[in-house]
Amino acid sequence: MQAKKRYLILFSAGTCLILLFCFGGIQVPLSRRGSHRRDDRSLTGYHLGARWRRLSGFMQAFSTLGKDSSDELHGHMSPRQKRDTNSGLYTGKRCRMETCFDFSLCERNGYKVYLYPQLKGEKLSESYQNILASIEGSRFYTPDPGQACLFVLSLDTLDRDQLSPYYVHNLKAKIQGLPLWNEGKNHIIFNLYSGTWPDYTEDLGFDIGLAMLAKASISTENFRPNFDISIPLFSKDHPRTGGERGYLKHNTIPPYRKYMLVFKGKRYLTGIGSDTRNALYHVHNSEDVVLLTTCKHGKDWQKHKDARCDKDNAEYDKYEYREMLYNSTFCLVPRGRRLGSFRFLEALQDIFLHPCVLMFNWSETRSWHVSLLSQIPSTVRSIHQDKILSLRQQTQFLWEAYFNSVEKIVLTTLEIIQDRVLEHWSRSSLMWNSLPGGLFALPQYSTSLRDFPFYYAKLGIKPNPKFTAIIHVVTPLVSLSQPVMKLLVAVAKSQYCAQVIILWNCDKALPAKHRWPATAVPLVVIEGENKVISSRFLPYDTIPTEAVFSLDEDTVLSTTEVDFALTVWQSFPDRLVGYPARSHFWDSNKERWGYTSKWTNDYSMVLTGAAVYHKYYHYLYTTYLPASLRTMVDQMSNCEDILMNFLVSSVTKLPPIKVTQKKQYKETMMGQNSRASRWADPDHFAQRQTCMNKFANWFGTMPLVHSQMRLDPVLFKDQVSILRKKYREIERL
């Protein structure tokens, strides 16, 4: 009898589980590669295989429900819900990636984004032009709709306020007429403003269908989790590229400032948003909590003027907004007419108080309902100074990594969607929420944190103390006394050398194997792809180590110098570490950036003719940087080292590391007719000046950072016996 009961219970439980699974009550996560390195890092595409989800049945069922059951659904809706349905808010209300996105488009060609061609006569706001330009300049862009996984409209959808000069009329008909619209499937729509006075609803004025929405001021009621993306509201003056760095230049201990909590903005006397800002005066104390509002809003504000307006207006004019932000520990970001506010990005440059945003870790921040406004001052005062400092550092990181330009906001949006599409290669929370951020930690390279140069300290490990030397050769072998032969022998003798790769970019045929000297480590000879200079930074599968020692064929280094550079790199695995240094400067007369090789008291670059760095930068150089910059470098056969310095400093926000070297670093002149004679070419230096400005223009800022630090061996030049010094040979150079 007891056995029968057990079987009956098991049968019932099993039946319930099956029913839950069938009706979506249980979600089975896709398998992921935890900490294993990818076997194939080909740049030609993504090998997705059987990992792709095939949900056509679910999509068909959803589409049928949306059409055939509309009358039945309307019967259970309130009048406002029916009105919202007709305006497009509820048509795709139940959309998720699994139901409204066609993964097969991405399976065929990878994650590519197509921009519709601009229609004649259609006006575009400057902000929307910046969004489209950011997409077109990204590595995701494709001009071929047949290759696309994601589609972006050329019709301006940013401002859907009917009173706006940028409001596009008849948008519904224009979108429905697009041949690729397909009810919005695999489309993303960008929007900053929706609705108009007096209600400011989230009605866009057209049916978005099955499209994803990247929207500012989106409510939790209309936000579709794991489908829509909440973006910050940004002004038309927000820079397209580059962007300012945060205001936090150094950490002050204790981290308190003149004000504990501030806000300065309009006080809406009537209508939506008025309740929130009208309540701020209850906690304002004119001392450490300064919450200022003005009634001067709109042409007829005096008609609605109340007893507090004159006092509020007078006190409002006493304070300068930027000065308040800079001198406040916390900044309050209350809603305005719409849910979003420009103050979010303005405060993010300093320190902020704001509710959660999808994808990033805002768990340490605070948010309150307006009814709990009186609790805010006591709550922020109770936050420990260590926590305040941590919050301040995190906001600086988030601002610089994701929000300080339109380009970063757009690329972050595209990367979030890519993580959803390629879920088995998606970034971890640590990648998104720690330096250098998700835009530079590309999971297509690896999903293991230990394969990147940024996370060794967080993982409690050190990089492997071995390197692969890549010697770039452009001149034919003539004799065993050539500099490249001496360099090869010196590098191969290093205790840290695991392998030497000869990158043969010479016009002559590959020399026979016996022409190369015998070495104790493997010697691999690779013929450069198309014999272009950027091939030295390709992510070759034959590189087995984390560290790469990049060398020009005419570099003169001893084994001791090689050993010391690798030892230093182990302490700075995310930086370029090398010997020959160069610098940049701003030429105020010509109003452009300049390049100098003069020996000065600081530097901002180390040449990759003798530098060690993590091999991940080969992958970033090849996949992150645009083809236009790499083509420019290849056509000139110049500036690849400058471009690599720009890239690494852009990622780390730090300068390279210069190590001790002999007094002079001379590039060997190999003859005027040789490809190696570029150092003797009078155009070579002028080209490098041009490169500096071309690169700075693409990055939108100057990422190079000056440094006055040089690392020498301990006891270097000290008055002790040479026998006591580990790197004694460096003393003799």
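**A walk through the fold, starting at Ser 550**

Leaving aside residues up to four places away in sequence, Ser 550 touches Ile 470, Arg 536, Phe 537, Thr 608, Gly 609, Ala 610, Ala 611 and Tyr 613. Keep in mind that what you're looking at is a predicted model. Ser 550 sits in strand E14, which covers residues 547-552. Is Ser 550 buried or exposed? Its relative accessible area is 3%, and the cut-off for buried is under 20%, so Ser 550 counts as buried. One of the residues it touches, Arg 536, is 14 residues away from Ser 550 in sequence, and the C-alpha atoms of the two are 8.3 Å apart in space.

Now step back for a moment. The protein has 24 helices and 21 strands. It runs to 733 residues, and 53% of them are buried. If you take the contacts between residues at least 6 apart in sequence, 75% join residues at least 24 apart.

Strand E14 also takes us to helix H18, residues 483-492. This helix is mostly covered, with seven of its ten residues buried. Which ones are buried in H18? They are Val 484, Met 485, Leu 487, Leu 488, Ala 490, Val 491 and Ala 492. These buried residues pack against E14, against strands E11 (467-473), E12 (497-504) and E13 (523-527), and against helix H19 (559-571). As a reminder when you trace a helix like this one, an α-helix has 3.6 residues a turn, so residues three or four places apart point the same way.

Next, go to Leu 292, which has its place in strand E9. Its relative accessibility is 3%, so Leu 292 counts as buried. Leu 292 and Tyr 281 are eleven residues apart in sequence, with 7.7 Å between their C-alpha atoms. Not counting residues up to four places away in sequence, Leu 292 touches Phe 263, Lys 264, Gly 265, His 284, Glu 315, Tyr 316, Tyr 319 and Met 324.

Two of those names, Glu 315 and Tyr 316, belong to helix H10, residues 309-316. In H10 the buried residues are Cys 309, Asp 312, Asn 313, Glu 315 and Tyr 316. What do they pack against? The answer is strand E8 (259-266) and strand E9 (289-294). Tyr 316 has a charged partner too: Lys 264 lies over the face of its ring, at 4.5 Å from the ring centre. There's another arrangement of this kind at Tyr 326, where Arg 257 lies over the ring face at 5.9 Å from the centre.

Rings turn up in plenty of other places, and the structure holds 30 aromatic pairs. Take Tyr 402 and Trp 432: their ring centres are 5.7 Å apart and their planes meet at 45°, so the pair is tilted. This pair links distant parts of the chain, with Tyr 402 in helix H14 (residues 385-403) and Trp 432 in helix H16 (residues 429-433), 30 residues apart. Tyr 402 and Trp 432 are both buried. For Trp 586 and Trp 593, the centres lie 5.0 Å apart and the planes are at 75°, so that pair is edge-to-face. Trp 586 is partly exposed, with a relative accessible area of 45%, and Trp 593 is also partly exposed, at 22%. Elsewhere, one aromatic cluster takes in Tyr 445, Phe 452, Phe 454, Tyr 455, Tyr 616, Tyr 617 and Tyr 619.

Back at H14, there's a helix pair to look at. H14 and helix H15 (residues 406-421) pack at an angle of about 85°, with their axes 7 Å apart. That makes H14 roughly perpendicular to H15. H14 contributes Glu 400, Ala 401, Tyr 402 and Phe 403 to the contact, while H15 brings Lys 408, Ile 409 and Thr 412. By class, that's four nonpolar, one polar and two charged residues.

The last stop is another helix pair, H21 (residues 627-636) and H23 (residues 682-699), which pack at about 175° with their axes 11 Å apart. That angle makes H21 roughly antiparallel to H23. On the H21 side the contact is made by Leu 629, Met 632, Val 633 and Met 636, and on the H23 side by Gln 687, Cys 691, Lys 694, Phe 695 and Trp 698. Sorted by class, this contact has seven nonpolar residues, one polar and one charged.

Terms used. Residues numbered from 1 in each chain as written. Predicted model: local features only at pLDDT ≥ 70, side-chain atom pairs only at ≥ 80, totals over all residues. Heavy atoms only, no water. Buried < 20%, exposed > 50% of the residue type's maximum accessible area, 1.4 Å probe, protein only. Helix = DSSP H or I, 4+ residues; strand = E, 2+ residues; numbered from the N terminus. Contact = heavy atoms within 4.5 Å. Phe/Tyr/Trp six-rings, centres within 6.5 Å; stacked < 30°, edge-to-face > 60°. Lys NZ or Arg CZ within 6 Å of the ring centre and 35° of its normal. Axes fitted to C-alpha atoms, helices over the stretch in contact; angles between N-to-C directions. Parallel < 35°, antiparallel > 145°, perpendicular 65-115°, else oblique. Nonpolar A, V, L, I, M, F, W, Y, C, P; charged D, E, K, R; others polar.
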